[in-house]
Amino acid sequence: MNPIRQNARILTASLVGTAVEFYDFYIYATAAALVIGPLFFPAESESAQTLLAFMTFGLAFFARPVGAIAFGHFGDRIGRKSTLVASLMLMGGSTLLIAFLPTYAMAGPIAPALLCLLRFGQGFGLGGEWGGASLLAVENAPKGWEARFGSAPQLGAPLGFLFANGLFLILSYTLSEADFTAWGWRIPFLASALLVGLGLWVRLKIGETAAFKEALAHEAPPAVPIGRLLREHPGAVVAGIAGVVACFAIFYLATTFALSFATTKLGYAKQEFLEVQLAANTFLAVGIGVAGYWADKTSAKNVLGKGALLTAAVGLLFGSGLGSGSLPVVFATLALSLLVMGLVYGPLGGWLPTLYAVPVRYTGISLAFNMGGIIGGALAPFAAALLAAKGGTPYVGLFLTLAGALTLAGVVFAPKIRT
């Protein structure tokens with residue numbers, strides 16, 4: 001039987017969680033670009049509202065490494081499955097509660113404080129999500145299929161983006177601007193409960209990974225996985241963090257920043273730009289699929305390195321393409337960016353686990369992924385906005401060039417691969 005069909009439930013369990021992750025994060029990212037500033041920070045200027053909204057967006061990234069250490073601890077000690085269920089419940093619950101938040105007009109300063117608390121909860125839960133989902137796939141993969149199985153969680157990204165972007169697009173056509181601002185923005189947060197329920201249903205029906213059970217049979221789990229990780233794999237931790245930066249930088253520049261910048265500074269209508277992003281998103285899925293197959297035929301390291309070089313090159317074109325004034329050129333810019341993102345995101349599930357021994361692997365890849373997310377994701381929209389303010393639109397892509405160079409350095413200088 002085909003390995004994918006044989007392991008369909010495991011691959012679905014890993015994909016669904018990441019789809020929820022990207023859905024949750026992207027609906028907040030979109031809300032931050034469109035309504036969070038005026039609703040929760042009304043006393044500030046328009047520019048300050050945008051920056052504060054993006055700061056609340058970035059807050060969850062800083063919670064993610066904390067969650068990575070906490071969930072990594074239990075994932076390496078008690079197992080991948082139960083830890084993944086807990087992370088999904090925390091992440092999904094925090095997202096759902098955002099739908100019920102009062103705005104500043106209703107509750108004053110309490111409103112942004114509660115928003116920040118739930119954003120921290122989202123990030124904390126997310127800290128354990130991707131690492132566990134990747135290990136669920138990779139540690140159950142047949143020989144020679146590790147990269148393709150490892151790309152399954154990544155395919156959840158375009159899926160979650162599709163659901164989030166598509167729902168916002170539907171709302172933009174069915175609701176007036178006033179209704180969307182008043183209550184319509186809450187609907188995507190409410191809808192997240194459906195995806196979370198599906199994810200829990202699938203995950204509760206799977207067992208523990210083969211690699212974890214084998215490692216447990218040979219030795220007791222480490223008492224403090226993070227301590228052993230930093231003692232035995234310090235170089236791998238640094239290399240892993242660097243290797244993740246490019247994928248986050250591309251995604252959040254091509255989605256969050258591009259939507260905000262295009263609809264506030266470049267004059268594009270919200271609906272038409274969401275349509276362009278929705279179409280460009282298909283190229284992310286293509287890139288991930290190509291990367292998984294290519295990495296199994298060569299190596300994940302090879303594909304990630306080439307993707308990092310292309311990221312640096314795209315950075316030189318991104319700002320000019322986005323600010324070209326031509327919607328077809330904007331689409332081509334976003335499509336190319338997301339295709340290249342697939343080449344730096346798709347191989348991560350196959351590459352990162354090779355850097356760490358099984359007893360500390362959940363902690364290792366979770367910490368690397370989420371620390372890299374702070375550099376590439378939390379800083380990307382903020383840095384791009386500052387670069388645009390200082391040097392104009394052509395400068396916004398320079399952050400991508402730097403991110404690509406950093407990821408390439410992580411790949412080149414990573415310690416010898418562990419088997």
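Start by selecting lysine 143, in the loop that runs between helix 7 (129-138) and helix 8 (146-150). Bear in mind as you click around that this is a predicted model. Is lysine 143 buried or exposed? Exposed: its relative accessibility is 78%, and the cut-off for that label is over 50%.

Keep lysine 143 on screen and add alanine 210. The two are 67 residues apart along the chain, and their C-alpha atoms are separated by 13 Å.

Now stay with the number 210 and colour helix 12, which covers residues 210-218. This helix brings you to the next stop, since 3 residues from helix 12 make up the largest share of the lining of the largest cavity.

**The largest cavity**

How many cavities of 30 Å³ or more turn up in the whole structure? The search finds 2. The largest one holds about 50 Å³ of space. To see its walls, select Asp76, Phe212, Ala215, Leu216, Glu219, Ala220, Pro221, Pro222, Val358 and Pro359. Colour that selection by class and you get 8 nonpolar residues, 2 charged ones and no polar ones. The charged pair is Asp76 and Glu219.

**The second largest cavity**

Hide that set and move on to the second largest cavity, with about 30 Å³ of space. Its lining is Phe22, Cys247, Phe248, Phe251, Tyr252, Met341 and Tyr345. Which helices each supply at least two residues here? Show helix 14 (234-264) and helix 17 (327-345) as cartoons, and you have them both. Helix 14 gives the most, with 4 residues. As for class, the lining has 7 nonpolar residues, with no polar and no charged ones.

**The cysteines**

One residue in that lining deserves a click of its own: Cys247. Cysteine 247 has a relative accessible area of 2%, so it counts as buried, the cut-off being under 20%.

Next, jump to cysteine 116. What is its relative accessible area? The value is 27%, which makes cysteine 116 partly exposed, because it falls between the 20% and 50% limits.

While you have cysteines selected, try looking for sulfur-sulfur links. A disulfide is a covalent bond between the sulfur atoms of two cysteines. A search of the whole structure comes back with 0 disulfides, so there is no pair of cysteine sulfur atoms within 2.5 Å to display.

Definitions and conventions. Residues are numbered from 1 along each chain as its sequence is written. This is a predicted model: local features need pLDDT of at least 70, side-chain atom pairs count only at pLDDT 80 or more; totals for chains, interfaces and linings use all residues. Side-chain values use heavy atoms; hydrogens and water are left out. On a 1 Å grid over the protein atoms alone, a cavity is a set of points where a 1.4 Å probe fits but cannot get out, and a pocket is an open set with protein on both sides within 12 Å along at least five of seven lines; lining residues have an atom within 4 Å of a point. Grid points are joined across faces, edges and corners, and a volume is the space filled by probe spheres set on the points. Buried means under 20% relative accessible area, exposed over 50%, partly exposed in between (1.4 Å probe, protein chains only).
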